[in-house]
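This briefing sets out the strand pairing, burial and internal space of the structure shown below. The points are grouped by topic.

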Amino acid sequence: MLTPKQHQLLTYIDNNLSSRGVSPSYDEMKRELGLRSKSGIHRLILALEERGFIRRLPHKARALEVLRKPHNKLSGPPPKQSFEPRFVGESFIPTPSPLESLPKMVEEQNIGLPFYGKIAAGTPIEALRDNTQSIQVPPRMLGQGEHYALEIEGDSMIDAGILDGDVVVIKRTDTAENGEIIVALVEGHEATLKRLRRRGASIALEPANSLHETRIFGPDQVRIQGRLVGLVRTY
C-alpha cells in the first residue's frame with residue numbers, strides 16, 4: 001500500500017512520462033507535492049523504488065521508469081453493474097451485491113508466506129523459521145521464486161520508509177544488485193536488514209538512519225539471504 005504522497009508522486013511521474021516522454025525534475029516534483037526540500041522527494045523516490053514501482057536508470061539525468069502503476073489508480077470509470085432481482089417460479093431471489101462477496105474474493109487471492117518473526121542481530125534467519133506461523137499477502141507483491149516474511153525490530157531503516165513493527169516480504173536469493181536492501185547473514189550468526197553497497201573487494205551494510213553507522217566487511221564475512229520486495233504495515 002502506498003502513502004498518499006507516494007501515490008501522488010508516482011501518478012505525477014507516470015503522467016509526465018506519458019505526456020512529455022521524460023520524468024519531471026526534482027524541483028518540479030517538489031512543487032507538485034508542495035514540499036519545501038528535495039530531500040523529501042528523494043525519500044519518496046527511494047520508497048517507490050524499493051517497493052518495485054519505479055526504477056532509476058543509471059548514468060542518465062532525470063531518468064525514471066515506472067514499473068508498476070498504483071493498484072488503486074483506475075484507467076477509466078468502473079463498469080456499470082445491474083442488480084435486477086431474479087425470480088424463479090414464484091420465488092424472489094435477491095441478487096447479491098459485489099460488496100457482499102468482496103472479503104471472500106480477497107481471502108482467496110491472498111498467498112500465505114512463512115513468517116519468521118522478528119529480525120534481530122545475533123539470530124540467523126534459518127533459526128527463526130516456524131512452520132506453524134504464516135502471513136497473508138496479495139500476489140501482486142510477489143514475483144517468481146520463494147518468499148518469506150519478517151517483522152522489523154528497531155529504527156535503522158526508517159529513512160527508507162521501514163519502521164519498527166513493519167512486516168517486510170523477502171525474496172529468498174543469494175545475490176543482489178548494489179544499492180538493494182537485503183537480509184544479510186554476518187559472520188555466520190548475525191542476521192540484519194540493510195542496504196548493500198559494494199566498495200571494491202569489501203561489502204558495506206548501510207543503514208537508512210544517520211544515527212546508525214555503516215559497517216564494512218570482507219566478502220567472505222557476509223552471505224546474502226534475501227532481497228526486500230514488499231512491506232506490510234498495520235495502523
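Strand 7 is mostly covered, with five of its six residues buried. The model is predicted. Its protein chain contains five helices and 13 strands, and strand 7 covers residues 147–152.

**Strand 7 and its partners**

- Strand 7 and strand 8 run antiparallel and are joined by five bridges.
- Within this pairing, Ala 149 lies opposite Val 169 of strand 8, and Leu 150 lies opposite Val 168 of strand 8.
- Strand 7 also pairs with strand 5, here in the parallel sense and over three bridges.
- In the pairing with strand 5, Ala 149 of strand 7 has Phe 115 opposite.
- Ala 149 thus appears in both pairings, facing Val 169 in strand 8 and Phe 115 on the side of strand 5.

**Strand 8**

- Strand 8 spans residues 167–171; four of these five residues are buried, so the strand is largely enclosed by the rest of the structure.
- Besides strand 7, strand 8 pairs with strand 13 (residues 222–232), in the antiparallel sense and over five bridges.
- Val 169 has Gly 230 as its bridge partner in strand 13, while Ala 149 stands opposite Val 169 in the pairing with strand 7.

**Strands 5 and 6**

- Strand 5 (residues 111–119) and strand 6 are antiparallel and are connected by four bridges.
- Leu 113 has Ile 135 of strand 6 as its bridge partner.
- In a regular strand, side chains alternate between the two faces of the sheet.
- Strand 6 (residues 134–137) shows such an alternation: Ile 135 and Val 137 are buried and point to one face, whereas Ser 134 and Gln 136 point to the other and are not buried.

**Ile 224 in strand 13**

- Ile 224 belongs to strand 13.
- Ile 224 has a relative accessible area of 11%, so it counts as buried under the 20% cut-off.
- Leaving aside residues up to four places away in sequence, Ile 224 touches Thr 173, Asp 174, Thr 175, Ala 176, Ile 182, Val 183, Leu 196 and Arg 198.
- Leu 196, one of these contacts, is 28 residues from Ile 224 along the chain, and the two C-alpha atoms are 9.4 Å apart.

**Internal cavity**

- Rolling a probe the size of a water molecule over the atoms shows where empty space is left.
- One cavity of 30 Å³ or more is found in a search of the whole structure.
- The largest cavity has a volume of about 40 Å³.
- Its lining consists of Glu 50, Arg 51, Ala 160, Ile 162, Leu 228, Gly 230 and Leu 231.
- Four of the lining residues are nonpolar, one is polar and two are charged.
- Strand 13 contributes the most to this lining, with three residues.
- Gly 230 is among the lining residues and is also the bridge partner of Val 169 in strand 13.

**The chain as a whole**

- The protein chain has 235 residues, of which 38% are buried.
- Among contacts with a separation of 6 or more, 56% are between residues 24 or more positions apart.
- The exposed surface of the protein chain is about 14200 Å², and carbon and sulfur atoms supply 52% of it.

Methods:
Residues numbered from 1 in each chain as written. Predicted model: local features only at pLDDT ≥ 70, side-chain atom pairs only at ≥ 80, totals over all residues. Heavy atoms only, no water. Buried < 20%, exposed > 50% of the residue type's maximum accessible area, 1.4 Å probe, protein only. Helix = DSSP H or I, 4+ residues; strand = E, 2+ residues; numbered from the N terminus. Pairing = 2+ DSSP bridges. Contact = heavy atoms within 4.5 Å. Areas by Shrake-Rupley, 256 points an atom, 1.4 Å probe, with all protein chains shown as cover. 1 Å grid on protein atoms, 1.4 Å probe; cavity = no way out; pocket = protein on both sides within 12 Å on 5 of 7 lines; lining within 4 Å. Points joined across faces, edges and corners; volume = space filled by probe spheres on them. Nonpolar A, V, L, I, M, F, W, Y, C, P; charged D, E, K, R; others polar.
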